[in-house]
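Here is a short tour of one protein model. Keep the structure in view and follow each stop as it comes.

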Amino acid sequence: MQPVDFTTLTSACSELRAYWLPSRLEQVYQRDRYTISIALRTLKQRGWLEISWHPQAARICIGDPPPRSPDTFTFSQQLVHQLGGLALIAIEAIAPWERAIDLQFARRPGESALYHLYVEIMGKYSNAILTDANNFIITAAHQVSEQQSSVRPIQTGQLYEFPPKLTGPVPSLSESQARWQERVSLVPGAIKRQLIKSYSGLSASLVDSLLLAASIAPETTTDQLSSQDWQKLFECWQEWLQALNVGKFQPAWTATGYTVMGWGAVALVKDTQSLLNKYYTDQLNQQVFAQLRHQLSQKLQNILTKLKIKAQAFTTRLQQSDQADDYRQKADLLMANLQNWQAGMQEITLPDFETGEPVAIALQPDKNGVQNAQNFYKQHQKLKRARLAVEPLLLEVQSEIDYLEQVEAAIAQIENYETAEDLQALEEIRDELIGQKYLEDPQYRDRNTNETAITNFRRYRTPNGWEILIGRNNRQNDQLTFRVAGDYDLWFHAQEIPGSHILMRLEAGTVPDTDDLQYAANLAAYYSRARQSDQVPVVYTQPKYVYKPKGAKPGIAIYKQERILWGKPQLVNSH
């Protein structure tokens, strides 16, 4: 990104002086952590002065009105508190060839300044600093401690110190061509590099346009330049210094960025303000666009990968449940041929009811014929229940995949940043995904971060090995129910009796056995106020049907689509 150099800053400030002095400060709005907009009103117009200390895009220019969203930054509040209603009476460079500007504010034009807003356009060291009339710092956009910089700390209450002075020679209109040429060519090297090394106040983009105007390639060495080349280059050099001297500039777009000298122009622009506003708005939007598009694409890809694995697992489970009828057929065959069963058998072969073909049935030798048949019936029922449980889950996952693939297709269509509308379209997709709970809302990311550390729940295992988590207090109950609970878990609570929230962790598509449910119900009864009762009514449901009423205290929840079991607290062995 092309930085605002001394020449561009001089051009921008000369326009600001011509059209915006004096003006009254009406409002201050901070757009983001690097940018403030100041509403200025003159007798003829009202506009927003944009001041940015962004490390790559520091600038000062008249920009667009800020959005209507609330401003939550303290720096802007401090500025409006001190400067609100005052007049902007001067815009001055703090020293020759420095990229630091002093905006002076007084009660009215003609009076001495009460406050100074120093805007330092210096790459990663850029800043905006408010001082009183005696130059004591009131506030700064970016405070710099003594640990961060022993050379120039910037802290509230300290005296404002100007940036370190330039050490190298500065360009001068009075310097002769011979002296100038001698300085630049003292050490042979590429002309671009030698110009930047020989003088302060030059940027790479300015030197590029200067050489372009003189028809010299940047990598040409000083000893390759003819006398005509030196003559042409010096004329352009003088033209540049003259423009700085009289404040006459030609803002324009170039093939690679912009210029305020008109050199290499592909399209002229009416003023430096609109040039800077458009260039940096587009450049920053482009950065945000590329980053956001990458983030959304990656996030969607990750979610879709997981969902497709889940869908495949459900499909496999359904295929397995197709064997349910095999188990029932084996059980029916066994029951119809119990006379053929003999103790200790590990396999029995029986004729199929319809085809008469032999069917080999594996048996458990420690069980009798009826028990083996009952086992097959049990397997049949279990697989049937699994099918009933899995089919709606597969449907739900598939519709989620369809929705997200539609979103993915929309992102794919917004391939490159061309206008602000492209970024806006991406931001709308991001907001939609936040609304659908696929993304975190960054504004709330840092809230309650300490709650995520709560993991010391009581832990049990059901007879079939499912984990049970039990909240130890109201805060843990909320954590368990509204943060830890997954889509396939079951939530238990003593019915209308104060007690712990209990979570049975289940895998997708699994159905807990009756004894697992009873075990969880017993725990819910035990960890409730009705612990001493013989039987306690316990409700259970899916976590998605558990809600926190608006404004409710910790641990309070309401639920629906519940089922009821009778918990027996006396059967629990606490640990």
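## A loop residue to start

Where is Val170 found? Val170 lies in the loop between β9 (137-140) and α3. The model is predicted. Is Val170 buried or exposed? Neither label fits: its relative accessibility is 35%, so Val170 counts as partly exposed.

Val170 has partners farther along the sequence. Leaving out residues up to four places away, Val170 touches Trp97, Tyr199 and Ser200. Asp325 makes a useful landmark. Val170 and Asp325 are 155 residues apart along the chain. Their C-alpha atoms are separated by 93 Å.

## Two crossing helices

Next comes α3 itself. Helix α3 covers residues 177-185, and helix α4 covers residues 191-198. Their axes come within 8 Å. How do the two axes cross? The crossing angle is roughly 110°. Angles of 65 to 115 degrees count as roughly perpendicular, so α3 is roughly perpendicular to α4.

Which residues meet in this contact? From α3 come Trp180, Arg183 and Val184. From α4 come Ile191, Gln194, Leu195 and Ser198. By type, the residues of this contact divide into four nonpolar, two polar and one charged.

## Nonpolar cores

In soluble globular proteins, nonpolar side chains tend to be buried together. Here the largest nonpolar core has 69 residues. Which of them touch the most other members? They are Ile51, Leu103, Leu195, Trp237 and Trp240. Helix α6 (residues 227-246) gives the most to this core, with nine residues.

Look at Trp237. Not counting residues up to four places away in sequence, Trp237 touches Pro171, Trp180, Leu195, Tyr199, Leu202 and Leu210. Two of these names have come up before: Trp180 sits in α3 and Leu195 in α4, and both take part in the helix contact. There is also a second, separate core of 26 residues. Among its members are Val390, Val407, Tyr417 and Leu426.

## Strands β1, β2 and β3

Now turn to the strands with low numbers. Strand β2 spans residues 35-41. Six of its seven residues are buried, so β2 is largely enclosed by the rest of the structure.

Strand β1 (residues 23-32) runs antiparallel to β2, and seven bridges join them. Within this pair, Gln27 has Ala39 in β2 as its bridge partner. A hairpin of two residues joins β1 to β2.

β2 also pairs with strand β3 (residues 46-52). This pairing is antiparallel too, over seven bridges. Thr35 has Ser52 in β3 as its bridge partner. Here the hairpin runs through four residues.

## A small open sheet

Another sheet has three strands and is open. In what order do its strands lie? The order is β11-β10-β12, and the pairing is antiparallel. The edge strands are β11 (258-259) and β12 (267-268), each of which pairs on one side only.

Strand β10 covers residues 252-253. β10 and β12 pair over two bridges. Trp253 has Ala267 in β12 as its bridge partner.

## Strand β19 and its partners

Further along the chain is strand β19 (residues 536-541). How many of its six residues are buried? Six of six are buried, and the strand is described as mostly covered. Both faces are covered. One side carries Val536, Val538 and Tyr540. The other carries Pro537, Val539 and Thr541.

Two strands pair with β19. β17 pairs with β19 in the antiparallel sense over four bridges. Trp491 stands opposite Thr541 there. Strand β22 (residues 563-567) also runs antiparallel to β19, joined by five bridges. In that pairing, Val539 stands opposite Ile564.

## His493, the last stop

Which strand holds His493? His493 is found in strand β17 (residues 490-494). Its relative accessibility is 12%. Buried means under 20%, so His493 counts as buried.

What does His493 touch? Beyond residues up to four places away in sequence, its contacts are Pro498, Gly499, Ser500, His501, Ala524, Val538 and Val539. Val538 and Val539 link back to β19, where they lie on opposite sides of the strand.

Methods:
Residues are numbered from 1 along each chain as its sequence is written. This is a predicted model: local features need pLDDT of at least 70, side-chain atom pairs count only at pLDDT 80 or more; totals for chains, interfaces and linings use all residues. Side-chain values use heavy atoms; hydrogens and water are left out. Buried means under 20% relative accessible area, exposed over 50%, partly exposed in between (1.4 Å probe, protein chains only). Contact means heavy atoms within 4.5 Å. Two strands pair if DSSP finds at least two bridges between them. Axes are lines fitted to C-alpha atoms, for helices over the stretch in contact, and angles run from 0 to 180 degrees between N-to-C directions. Angles under 35 degrees count as roughly parallel, over 145 as roughly antiparallel, 65 to 115 as roughly perpendicular and the rest as oblique. Ala, Val, Leu, Ile, Met, Phe, Trp, Tyr, Cys and Pro count as nonpolar, Asp, Glu, Lys and Arg as charged, and the others, Gly among them, as polar. A nonpolar core is a set of buried Ala, Val, Leu, Ile, Met, Phe, Trp, Tyr and Cys residues joined through side-chain atoms within 4.5 Å.
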